[in-house]
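Open the model in a viewer and keep the selection tool ready. The stops below go from single residues to pairs of side chains, and end with the whole chain.

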Amino acid sequence: MIKFVDLNVQYEKYKSEIDAAIAGVISSTAFINGPEVKSLEAELSSFCGAKHSIGCSSGTAALVIPQMAMEIKPGDEIIVPVFTYFASASMISHWGATPVFVDVEPNTFNIDPGKIEGKIGPKTKAIFAVSLYGQTPDLDSIMAIAEKHSLWVLEDGAQSFGAEYKDRRSCNVATVSTTSFFPAKPLGCYGDGGAIFTNDDEMADIMRKLVNHGQNKRYHHKYVGVNGRLDSIQASILRVKLKYFQEEITLRQNAAERYNEMLKDVDKVITPRVMSDRNSTWAQYTIRIPDRNRVRAALQEKGIPTSVHYPMPLNKQEAFAYLNDETEYKVAAELASEVLSLPMHAFITPEEQTEVVDSIKAVL
Ligand SMILES: *Cc1c(COP(=O)(O)O)cnc(C)c1O
């Protein structure tokens, strides 16, 4: 049976190492702030190139800490794409600032840099750029706009850790970056987890304290922080998976190319576009297809799992009604009714992909 993301087949591959890593943490009893977290942080830094990596309790928590460090206050505005996972914007509201939406590009599904400046005002403090489905947006253009207006940039790399942008990796381009280790993400742990990245020494120092109650040393609190730590068991699992992550990214890229090839002549299906100066970790392989809901239901009947990332742009979410945002986000509205994510993981087989594509053709 085809799975949307098959975590079992991955576990079977690394089982002896993962089991030993978990057992090692249990026998050490260093569950919190232990050496596994420190080692993972060093390995994440050498993987993505960012000088500082800070383990975090989730990708969502990771989005709050930089706002705390940069002293974002009620009334401040932060620019964010209107078509993304809810947390990218909800954490702005949660921290008391106001999310200001920008429409996305029809081909990459990422924030449209050409539409950012029209949304910058005197209260704008930052731009949250999201690397949707595993591909970064045009980060250089976004960084240039930010510099011109004295803003800082956060890359929400929850779906793109490991991807390449020009000569750098995702999570090593913006002022500060975040990722998620939610189990189904390209690099996932066995519970909740995330990380924050920066090359700024001062900001790193503040954020490292903020995730641990703002402590200088035990029971001495320099800042009002939170418990936003990654735990050692999750870190130990991630250390095993990180060793194989580059190989898995390549497998995902091969699988995406197979889908592209199989779907290229299928009328009405638009396959995802990756720009030539970057690549994708393929957190999702997402096509555009008219009559999406009917296609999805028919695939479900055949036992083919699919998903919709995301069925509603953020401006239409009830939780954001208070923003009274009357702007029309044309591209996001189209995508919300047309996107369909197909089964994708490192170990999906060509036979499984053929079955998915044949089923789509049959439905169409
Ligand atoms: C998954 C995800 C998050 C949240 O990460 P969690 O670890 O689930 O809290 C935030 N932003 C984006 C774009 C995501 O895909």
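Select Ser88 and show what surrounds it: leaving out residues up to four places away in sequence, Ser88 touches Leu63, Val80, Phe128, Val130 and Asp156. The model is a predicted one. Ser88 sits in helix α4, which covers residues 86-94. With a relative accessible area of 2%, Ser88 is buried, the cut-off for that class being under 20%.

Next, select Gln67, in helix α3 (residues 59-69). Is Gln67 buried or exposed? Gln67 is buried, and its relative accessible area is 0%. Display the contacts of Gln67, again without residues up to four places away in sequence: Ile72, Ile78, Met91, Ile92, Trp95, Phe128 and Trp152. Keep Phe128 on display, since Phe128 is on the list for Gln67 and is also touched by Ser88.

Now turn to the charged side chains. Side chains of opposite charge can pair when their charged atoms come close. The model has 18 salt bridges, and three of the pairs are visited here.

Select Lys15 and Asp19. They form a salt bridge, with 3.0 Å between the closest N and O atoms. Both lie in helix α1 (residues 7-28), and because they are four residues apart there, about one helical turn separates them. Asp19 is partly exposed at a relative accessible area of 29%, and Lys15 is partly exposed at 32%.

Move on to Glu43 and Arg239. In this salt bridge the closest N and O atoms are 2.7 Å apart. Which parts of the chain does the pair link? Glu43 belongs to helix α2 (residues 35-48) and Arg239 to helix α7 (residues 232-243), so that distant parts of the chain, 196 residues apart, are linked. Glu43 counts as partly exposed at 25% relative accessibility, and Arg239 is partly exposed with a relative accessible area of 25%.

Then select Arg288 and Glu338, a salt bridge whose closest N and O atoms are 2.9 Å apart. This pair also links distant parts of the chain: Arg288 is in strand β12 (residues 285-288), Glu338 is in helix α10 (residues 330-338), and the two positions lie 50 residues apart in numbering. Arg288 counts as buried, with 9% relative accessibility. Add Lys330 and Glu334 to the selection: salt bridges with shared partners join Arg288, Lys330, Glu334 and Glu338 into one network.

Finally, zoom out and colour the chain by secondary structure. There are eleven helices and 13 strands. The radius of gyration is 20 Å, close to the 21 Å given by the globule rule for 364 residues, so the chain is as compact as a globular protein of that length. Its C-alpha trace spans about 65 × 55 × 35 Å along the principal axes.

Colour by accessibility next. Of the 364 residues, 55% are buried. The chain exposes about 15,600 Å², of which carbon and sulfur atoms supply 51%.

For a last view, colour by charge: there are 38 positive and 46 negative side chains, and the centres of the two sets are 3 Å apart. If contacts are drawn between residues at least 6 apart in sequence, 72% of them join residues at least 24 apart.

Definitions and conventions
Residues numbered from 1 in each chain as written. Predicted model: local features only at pLDDT ≥ 70, side-chain atom pairs only at ≥ 80, totals over all residues. Heavy atoms only, no water. Rg over C-alpha atoms; globule rule 2.2 N^0.38 Å. Buried < 20%, exposed > 50% of the residue type's maximum accessible area, 1.4 Å probe, protein only. Contact = heavy atoms within 4.5 Å. Areas by Shrake-Rupley, 256 points an atom, 1.4 Å probe, with all protein chains shown as cover. Lys, Arg positive; Asp, Glu negative; His and termini not counted. Charge placed at Lys NZ, Arg CZ, Asp CG, Glu CD. Salt bridge = Lys/Arg side-chain N within 4 Å of Asp/Glu carboxyl O.
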